[in-house]
Amino acid sequence: TRGSIIRAEPWVQSNYHGISSRLERRFAQGLSFLASFTYGRSLDTQSNVDLCDGCVNSAGAGSIQDVNNRKANRGPSDHNVPQRFVFSGGWDVPFKRDHAIFGGWTLSGILALSSGLPFTLNLPCDNANTGNVNWPNRIADGRIDDGSIDRWFDTSAFAFPAQYTFGNAGRGYLTGPGTKTLDLSIQRNFKLPINEASRIEFRAE
């Protein structure tokens, strides 16, 4: 084709319900903590829009299994993170604050814990002969408690539907692994004897 044509279809529905909390405390001598927790759920019938030709298995128009029943596409949003906890803190080390070497250091860190993102199982072929994405049939729960990188869900819980029929597995039924990240840093500004504004910053992360 000589150019791209983008078509917008205003059929997508979405909603989000959640609650969040925040706790902050500042202590003496430059010590402070901040903790936040979010619990929520985001549902929609489509999360993204494809801008490419032939993106059948992604999150755009081609990810709709049955165009005559768009409500069946309703499920967790691609960006749905049910639980997220973040804890951060900072400390201006008071030890010999005015010392040329040992004073003026700042320690800080951020700990983030998040639930995993949802994902959808697709068949490797157009089983329903509709030109759209095809889902398998779910014959058991499919989720396992002790998932690993080699076996994150129960593959025996899903099967091919009969030819020319739609699968019932649904969109975003399974959830990927959560994330745990810890960032730490230490820094200090050293004044230079050139003038009052001259300094060198040391920072390790």
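Which residue is the bridge partner of Asn-189 in S11? I looked this up before anything else, and in S11 the partner of Asn-189 is Glu-201.

**Ground rules**

I note that this is a predicted model, in which local features need pLDDT of at least 70 and side-chain atom pairs count only at pLDDT 80 or more, while totals for chains, interfaces and linings use all residues. Residues are numbered from 1 along each chain as its sequence is written, and side-chain values use heavy atoms, with hydrogens and water left out.

**Strands and their pairing**

I listed the secondary structure and found zero helices and eleven strands, where helices (H or I, at least four residues) and strands (E, at least two) are DSSP runs numbered from the N terminus. Read along the sequence, the pattern is β-β-β-β-β-β-β-β-β-β-β.

I then went through the pairings, taking two strands as paired if DSSP finds at least two bridges between them. S2 (31-44) runs antiparallel to S4 (residues 83-92), and nine bridges join them; here I found Ser-32 opposite Gly-90 in S4. S4 also pairs with S5 (residues 106-114) in the antiparallel sense, over nine bridges, and Asp-92 stands opposite Thr-106 in S5. From S5 I moved on to S10 (residues 179-191), which is antiparallel to S5 and joined to it by nine bridges, with Thr-179 in S10 as the bridge partner of Ser-114. S10 in turn pairs with S11 (residues 199-204) over six bridges, again in the antiparallel sense, and the Asn-189 to Glu-201 pair that I opened with belongs here.

**Burial and salt bridges**

I checked burial across the protein, and buried residues make up 28% of its 205 residues. Buried means under 20% relative accessible area, exposed over 50%, and partly exposed in between (1.4 Å probe, protein chains only).

How many salt bridges does the structure hold? I found seven, a salt bridge being a side-chain nitrogen of Lys or Arg within 4 Å of a carboxyl oxygen of Asp or Glu.

I looked at Arg-171 in some detail, since at 9% relative accessibility this residue counts as buried. Arg-171 forms a salt bridge with Asp-44, the closest N and O atoms being 2.7 Å apart. Arg-171 lies in the loop between S8 and strand S9 (174-175) and Asp-44 in strand S2, so the pair ties together parts that are 127 residues apart in sequence. Asp-44 is buried as well, because its relative accessible area is 3%.

Arg-171 also meets Asp-78 in a salt bridge (3.6 Å, N to O). Asp-78 sits in the loop between S3 and S4, and so this pair ties together parts that are 93 residues apart in sequence. I recorded Asp-78 as partly exposed because its relative accessibility is 29%.

A separate entry concerns Arg-22, Glu-24 and Arg-26, which salt bridges with shared partners join into one network. Within this network, Arg-22 and Glu-24 form a salt bridge whose closest N and O atoms are 3.1 Å apart. Arg-22 counts as exposed because its relative accessibility is 62%, whereas Glu-24, with a relative accessible area of 39%, is partly exposed.

**Two aspartates in loops**

Is Asp-66 buried or exposed? Asp-66, in the loop between S2 and strand S3 (75-76), is buried yet has no salt bridge, and the nearest side chain of opposite charge, Arg-70, is 8.6 Å away. For charge, Lys and Arg count as positive and Asp and Glu as negative, while His and the chain ends are not counted. I did find that the side chain of Asp-66 reaches the backbone nitrogen of Asn-68 at 3.0 Å.

Asp-154 is in the loop between strand S7 (137-138) and strand S8 (158-159), and I class Asp-154 as buried because its relative accessible area is 16%. The C-alpha atoms of Asp-154 and Gly-142 are separated by 4.7 Å, although these residues are twelve apart along the chain.

**A nonpolar patch**

Finally I looked at the surface, where Ile-19, Phe-37 and Tyr-39 make a nonpolar patch of about 310 Å². Patches are made of residues with over 30% relative accessible area and no salt bridge, with like charges joined within 9 Å and nonpolar side chains (Val, Leu, Ile, Met, Phe, Trp, Tyr) within 5 Å; accessible areas come from the Shrake-Rupley method with a 1.4 Å probe, and for residues only the protein chains shown count as cover. Ile-19 is found in strand S1 (residues 14-26) and counts as exposed because its relative accessibility is 60%.

How values were computed:
A polar contact is a pair of N or O atoms within 3.5 Å; within protein, one must be able to donate a hydrogen and the other to accept it, and residues adjacent in sequence count only if both atoms are side-chain atoms.
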